[in-house]
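Q: I have this one open in the viewer and would like to go through it with you piece by piece. Can we start with the overall layout and then work down to single residues?

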Amino acid sequence: MVIAQRYLAICFILFSVLVSDCNKDKKTNCDNSFCSQEFRYITILIRHSSDSSAFVLTDFKVLRVSDNKDITINNNILNQNPGYYPLVSDDEIVMLRNTNVEIEFQGYVDNALIIGKRFVVTADCCHVILVSGESMFYI
């Protein structure tokens, strides 16, 4: 009987310590995170449906849906690969960390909207993550 009471007391103390250590607001403390040195982008690929060649847009935008804020990344880095368009990069980690953010990609040819797709993105302590949405489309 005494052993069972001690066992219960130890379990209660351990449970209390574990629960009290939980972060109630679900915010991740990234101060001690070890991240790789790579810089990540989330990109989409757009291809022609007829021959699967790269579909080249004349312009594109990425908007945060909640407030319609333009968060478009300059495409200079990725323009060597036709058909690839950036949605977000590790530059947006602070905006994306600990929350799912809905964004909309809008692709244009000669000022005419050709494609509009929505995605959900987030970030951990180190890199951006695609939560939902297809990364390749045919037009």
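Q: In what order do the elements of the chain run from the N terminus on?
A: This is a predicted model, and in it the elements run α-β-β-β-β-α-β-β-β-β from the N terminus on. That comes to two helices and eight strands for the chain.

Q: OK, and what is the strand order in the open sheet?
A: The open sheet has five strands, which are arranged in the order β3-β2-β5-β6-β7 with antiparallel pairing. Strands β3 (69-70) and β7 (128-132) stand at the edges, and because each of them has a single partner strand, one side of each is left without a neighbour in the sheet.

Q: What holds strands of a sheet together in general?
A: Strands in a sheet pair through backbone hydrogen bonds, and the pairing can be either parallel or antiparallel.

Q: Back to this one, then: how many bridges are there between β2 and β5?
A: Strand β2, which covers residues 59-64, and strand β5, which covers residues 101-109, pair over six bridges in the antiparallel sense. To find the register in your viewer, you can look at Leu63, which stands opposite Glu104 in β5.

Q: Switching to the rings: how many aromatic pairs does the structure hold?
A: There are five aromatic pairs in the structure. One of them is formed by Phe39 and Tyr41, which are edge-to-face, with 5.4 Å centre to centre and 75° between the planes.

Q: Are those two buried or exposed?
A: Neither label fits, because Phe39 has a relative accessibility of 42% and therefore counts as partly exposed. Tyr41 is also partly exposed, with a relative accessible area of 26%.

Q: And what geometry do Phe60 and Phe105 have as a pair?
A: Phe60 and Phe105 are stacked, with 5.7 Å centre to centre and 20° between the planes. Phe60 lies in strand β2 and Phe105 in strand β5, so this pair ties together parts that are 45 residues apart in sequence.

Q: Buried or exposed, for Phe60 and Phe105?
A: Both are buried: Phe60 has a relative accessible area of 10%, while the value for Phe105 is 0%.

Q: Which residues are linked into a cluster by ring pairs?
A: The cluster consists of Phe60, Tyr85 and Phe105, which are linked by ring pairs.

Q: New topic: where is Asp110, and what is its phi?
A: Asp110 is found in the loop between β5 and β6, the latter strand spanning 112-123. Its phi is near 50°, which is a positive value in a residue other than glycine. As for cover, Asp110 counts as exposed, at 63% relative accessibility.

Q: What about Asn111?
A: Asn111 lies in the loop between β5 and β6 as well, and its phi, near 65°, is again positive in a residue other than glycine. Asn111 is exposed, with a relative accessible area of 75%.

Q: Last bit, the whole chain: what share of the residues counts as buried?
A: Of the 139 residues, 31% count as buried. The accessible surface of the chain comes to about 9500 Å², and 53% of that belongs to carbon and sulfur atoms.

Q: And what share of the contacts comes from residues 24 or more positions apart?
A: If you take the contacts in the chain with a separation of 6 or more, residues 24 or more positions apart account for 63% of them.

Definitions and conventions:
Residues are numbered from 1 along each chain as its sequence is written. This is a predicted model: local features need pLDDT of at least 70, side-chain atom pairs count only at pLDDT 80 or more; totals for chains, interfaces and linings use all residues. Side-chain values use heavy atoms; hydrogens and water are left out. Two strands pair if DSSP finds at least two bridges between them. Helices (H or I, at least four residues) and strands (E, at least two) are DSSP runs, numbered from the N terminus. Rings of Phe, Tyr and Trp (its six-membered ring) pair if their centres lie within 6.5 Å; planes under 30 degrees apart count as stacked, over 60 as edge-to-face and the rest as tilted. Buried means under 20% relative accessible area, exposed over 50%, partly exposed in between (1.4 Å probe, protein chains only). Contact means heavy atoms within 4.5 Å. Accessible areas come from the Shrake-Rupley method with a 1.4 Å probe; for residues, only the protein chains shown count as cover.
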